[in-house]
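Here's a quick briefing to read alongside the model. Have the viewer open and follow along topic by topic.

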Amino acid sequence: MAVHPAGQRGRALHHFPLGIAFSLALLLLPLPMQASASPSPEVPASPPASYTFTGDTIQIPSGSNQTDARAIIVQAPAQFHIAENASLRLMGTLANAPGSYHGLHKTGHGTLALANAGTLQGNTLLYQGVLRLEHSQALGWAGRALQVSGGTRLEYADGLGILHGLQLADLSIPAGLPFDAPRPGAHPGVQWVVEQGSAVHQGDLLGYLPIWKLGRGELVLDGMALAYQGEFHLGEGALALNNMLGGSLLADSGTRLSGQGQAQSLRLNGDVLFAPGLRQWPGSQSPASQLSDRSVFQVGGDVHLSDGSTLLIVARPDGMSNRLLVGGSVHLAGQLHILAEGEWERSVSYNIVQAQRIEPGSAFADWLLSRDDLDASLAYAADRVILTLSPRREAVAWNVQASGTAVRAILLDDSRFVRQAVLHQQRGGLGLADAPRAWAHAFTVHGSRSGPTASGQRSLNGAILGMDVPINAVWHGSVYGGAQHTRWTSGDSQTPASVNTWHLGMALTARRDAWQFTTGLAYSRHSVSGHAQLAQAAWRQSLHTSHRAHTVQLFASASRQWRIGDTALTPFLELAWISHKTPSHRYQASNAWLATGRTSDRMRTATLGVRAERQFALKQSGSLGVYAQAAWRHADTSEQPWMQWQGSARGSVQSGHTAPGVNIARHALQTQLGLMWQPQRQWQLSLDYAGQYAAGDNDHQWLAQVEYRF
């Protein structure tokens with residue numbers, strides 16, 4: 001068997017220790033092989049108890065998925081060609097014939113699965129496609145290796161413990177062995193997959209091809225990997241590195257990294273959870289029980305932590321913690337989560353990060369402590385980060401007030417103004433016609449809001465612009481967008497807030513006879529500027545935040561018009577579903593901060609009402625219309641949003657939750673009165689007043705609308 005690695009690998013091997021070089025010689029030792037002499041049979045329909053390889057190749061055609069329970073006897077190399085979109089699962093054992101030391105060769109882009117233990121004494125070579133291992137002894141004798149070429153996929157089942165060495169290098173397919181044409185733009189590296197659970201690789205790892213760890217499961221790398229000189233990409237799931245890795249390690253967003261191993265360099269990209277020094281990611285077992293003198297993750301070169309990453313540090317009162325040891329420089333960023341277990345009687349300090357150099361100006365953006373009976377502090381030196389945990393001496397709790405609780409309720413409730421602008425144009429005005437129609441809807445709102453711990457005044461100004469286009473005789477489509485500015489002034493003027501909002505949406509309306517149906521979707525993006533106040537006895541501290549929030553709403557309306565003389569009477573029903581999300585954010589001051597978790601609020605509303613409208617012809621030209629509308633709205637939601645928080649001030653750390661803010665009225669009466677002037681057929685102007693009345697929640701709205709029909 002000829003193995004032709006690229007020149008890069010040959011140069012890297014000159015730096016291996018003598019013991020590793022000897023291991024490589026054993027793994028790469030040529031094995032006796034017989035040439036293929038017979039045609040390539042397919043698996044028989046009624047197989048005998050065993051099958052013996054004598055130089056032939058088992059081929060599985062494309063689209064065929066087969067299972068074979070026979071014992072496989074290897075007298076000559078066991079050669080399998082599994083075509084693309086095909087699979088073969090071997091449930092029998094693989095064993096060598098007496099005097100044979102041949103292994104297994106796999107070509108083709110399909111999947112070969114080994115489901116049983118074997119005693120194979122030769123190397124397994126994966127030239128193409130997918131090899132799935134479902135038993136820890138599926139590859140046979142642990143003294144041999146699994147050789148994997150670029151562009152292939154290696155899958156480990158849950159619970160595996162593989163002792164074989166793994167060599168990653170480009171392999172040349174021997175002459176006479178069937179193979180599939182290379183895929184255009186195929187990935188040059190090896191995909192190493194653990195779909196679920198956990199699998200352990202205990203054998204050596206060597207080679208130079210890049211590795212992509214995929215699948216939601218955890219790969220535990222316990223074997224020596226110093227001879228691996230490629231890039232290890234943690235793309236999905238979790239990796240526990242518990243030995244030396246000669247190459248670089250990159251972790252992508254959404255992954256988890258742990259272990260007591262070593263890498264040449266480390267970079268965390270995005271939302272990565274990193275627990276250095278823990279042999280596996282904490283599960284049901286207490287993380288503190290994993291701590292020992294070896295609870296260290298080492299990096300020979302540089303480390304880069306991204307803004308979205310999280311470093312998990314577990315600490316005990318005996319001075320033991322996991323830590324990160326770096327031979328180069330460290331760029332600090334992201335969050336630090338501190339999990340403290342035990343009883344602290346005195347202050348204890350921990351060197352959680354040690355490096356040749358901490359990049360100047362880099363630091364953790366935020367940190368959270370799992371205990372509210374401890375105080376924590378961080379000190380940044382030129383070559384280390386020191387965490388100190390102390391038992392809390394001061395038991396006086398903070399009083400926290402934040403504008404976020406009121407703003408969330410206000411934005412959730414005020415989502416109705418977008419719906420009302422769209423539905424008002426469809427239900428009244430120039431109405432739907434065979435020609436496109438443009439409209440503008442401007443509004444200003446003033447109202448009072450109250451709740452158990454917050455009350456104040458809310459004002460709002462905004463505008464919505466839209467275009468209606470006929471699709472056919474029944475259906476009309478609408479697109480619209482707009483902006484609004486909201487100001488909230490609390491009753492004590494201590495936690496004001498302002499919000500700038502952009503709206504974008506679309507709607508479909510169907511009209512047949514006197515019936516009309518409308519359904520729509522709207523997205524709103526909010527830029528929030530708010531305040532919070534910390535109080536402890538006579539001490540007061542004001543903090544500020546700037547963050548974004550998002551609202552999505554779906555709505556539908558059905559109405560039916562009757563005419564009584566010159567008056568049009570239109571009962572209607574409106575339904576809406578609203579979702580408002582606020583990400584985690586911080587309130588900040590020069591000597592204090594308050595961090596809040598992400599929140600998700602939802603509300604469903606149903607509005608039942610009736611609209612009466614009458615038109616009067618003017619002597620000069622055009623017409624004047626008057627209308628009145630009354631409705632009853634029911635809202636199904638949390639009436640009093642609250643907020644979890646953790647903060648730092650005056651040398652201590654506390655956590656808790658704010659009291660509920662303002663109410664969202666479950667039941668409210670809505671009224672609207674308006675004048676519509678149509679000087680010409682194409683134009684219409686209207687002025688309206690609208691009000692919403694509920695216990696502790698009164699809004700007064702003035703509207704101006706312009707419509708033009710093309």
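Let's start on the inside: the largest cavity has a volume of about 360 Å³. Keep in mind that this is a predicted model. A search of the whole structure turns up six cavities of 30 Å³ or more, and there's an open pocket to look at as well, the largest one having a volume of about 580 Å³.

**The largest cavity**

- The lining of the largest cavity takes in 27 residues, and Q420, E574, Q629, Q670 and Q672 are the ones nearest its centre.
- Two or more lining residues come from each of helix 4 (416–427), strand 47 (567–582), strand 50 (599–617), strand 51, strand 54, strand 55 and strand 56.
- Helix 4 is the top contributor to this cavity, putting in seven residues.

**The largest pocket**

- With a volume of about 580 Å³, the largest pocket is lined by 24 residues, and Q335, L368, S584, T596 and G597 sit closest to its centre.
- At least two lining residues apiece come from strand 33 (335–340), strand 36 (366–369), strand 48 (585–589), strand 49 (592–596), strand 52 (644–649) and strand 53 (652–657).
- Strand 52 gives the most here, with three residues.

**The chain as a whole**

- Expect a lot of strands in the viewer: the chain has 56 of them, plus four helices.
- Of its 710 residues, 51% count as buried.
- The chain exposes about 30100 Å², and 55% of that comes from carbon and sulfur atoms.
- Take the contacts between residues at least 6 apart in sequence, and 58% of them join residues at least 24 apart.

**A nonpolar patch on the surface**

- Which residues form the nonpolar patch on the surface? They are F616, L618, L624, V626, L675, W677, W683, L685 and V706, and together they have about 710 Å² of accessible area.
- Strand 51 (623–636), strand 54 (667–678) and strand 55 (683–694) each give two or more residues to the patch.
- Strands 51, 54 and 55 are also among the elements giving two or more residues to the lining of the largest cavity.
- V706, one of the patch residues, belongs to strand 56 (residues 697–709) and is partly exposed, with a relative accessible area of 35%.

**Salt bridges**

- Side chains of opposite charge can pair when their charged atoms come close.
- How many salt bridges does the structure hold? The count is 24.
- D601 and R408 pair up through their side chains at 2.9 Å, N to O. D601 is in strand 50 and R408 in helix 3 (residues 403–414), so this salt bridge ties together parts that are 193 residues apart in sequence. Both D601 and R408 are buried.
- D636 and R604 form another salt bridge, at 2.6 Å from N to O. With D636 in strand 51 and R604 in strand 50, the pair ties together parts 32 residues apart in sequence. D636 is partly exposed at 33% relative accessibility, and R604 is partly exposed too, at 49%.
- D68 and R70 make a salt bridge at 2.7 Å, N to O, and both of these residues are buried.
- There's a network of salt bridges as well, linking R89, R132, E134, R153, E155 and E195.

**Two spots to zoom in on: N96 and S329**

- N96 is in strand 7 (residues 94–96). Is N96 buried or exposed? Its relative accessible area is 14%, so N96 is buried, the cut-off being under 20%.
- Setting aside residues up to four places away in sequence, N96 touches V74, Y101, H102, T119, L120, Q121 and G122. Q121 is 25 residues from N96 along the chain, with 6.8 Å between their C-alpha atoms.
- S329 is in strand 32 (residues 329–331) and counts as buried at 15% relative accessibility.
- Beyond its neighbours within four places in sequence, S329 is in contact with G301, D302, V303, R357 and E359.
- S329 and H304 are 25 residues apart in sequence, and their C-alpha atoms are 8.4 Å apart in space.

Terms used
Residues are numbered from 1 along each chain as its sequence is written. This is a predicted model: local features need pLDDT of at least 70, side-chain atom pairs count only at pLDDT 80 or more; totals for chains, interfaces and linings use all residues. Side-chain values use heavy atoms; hydrogens and water are left out. Buried means under 20% relative accessible area, exposed over 50%, partly exposed in between (1.4 Å probe, protein chains only). Contact means heavy atoms within 4.5 Å. Patches are made of residues with over 30% relative accessible area and no salt bridge: like charges are joined within 9 Å, nonpolar side chains (Val, Leu, Ile, Met, Phe, Trp, Tyr) within 5 Å. Accessible areas come from the Shrake-Rupley method with a 1.4 Å probe; for residues, only the protein chains shown count as cover. A salt bridge is a side-chain nitrogen of Lys or Arg within 4 Å of a carboxyl oxygen of Asp or Glu. On a 1 Å grid over the protein atoms alone, a cavity is a set of points where a 1.4 Å probe fits but cannot get out, and a pocket is an open set with protein on both sides within 12 Å along at least five of seven lines; lining residues have an atom within 4 Å of a point. Grid points are joined across faces, edges and corners, and a volume is the space filled by probe spheres set on the points.
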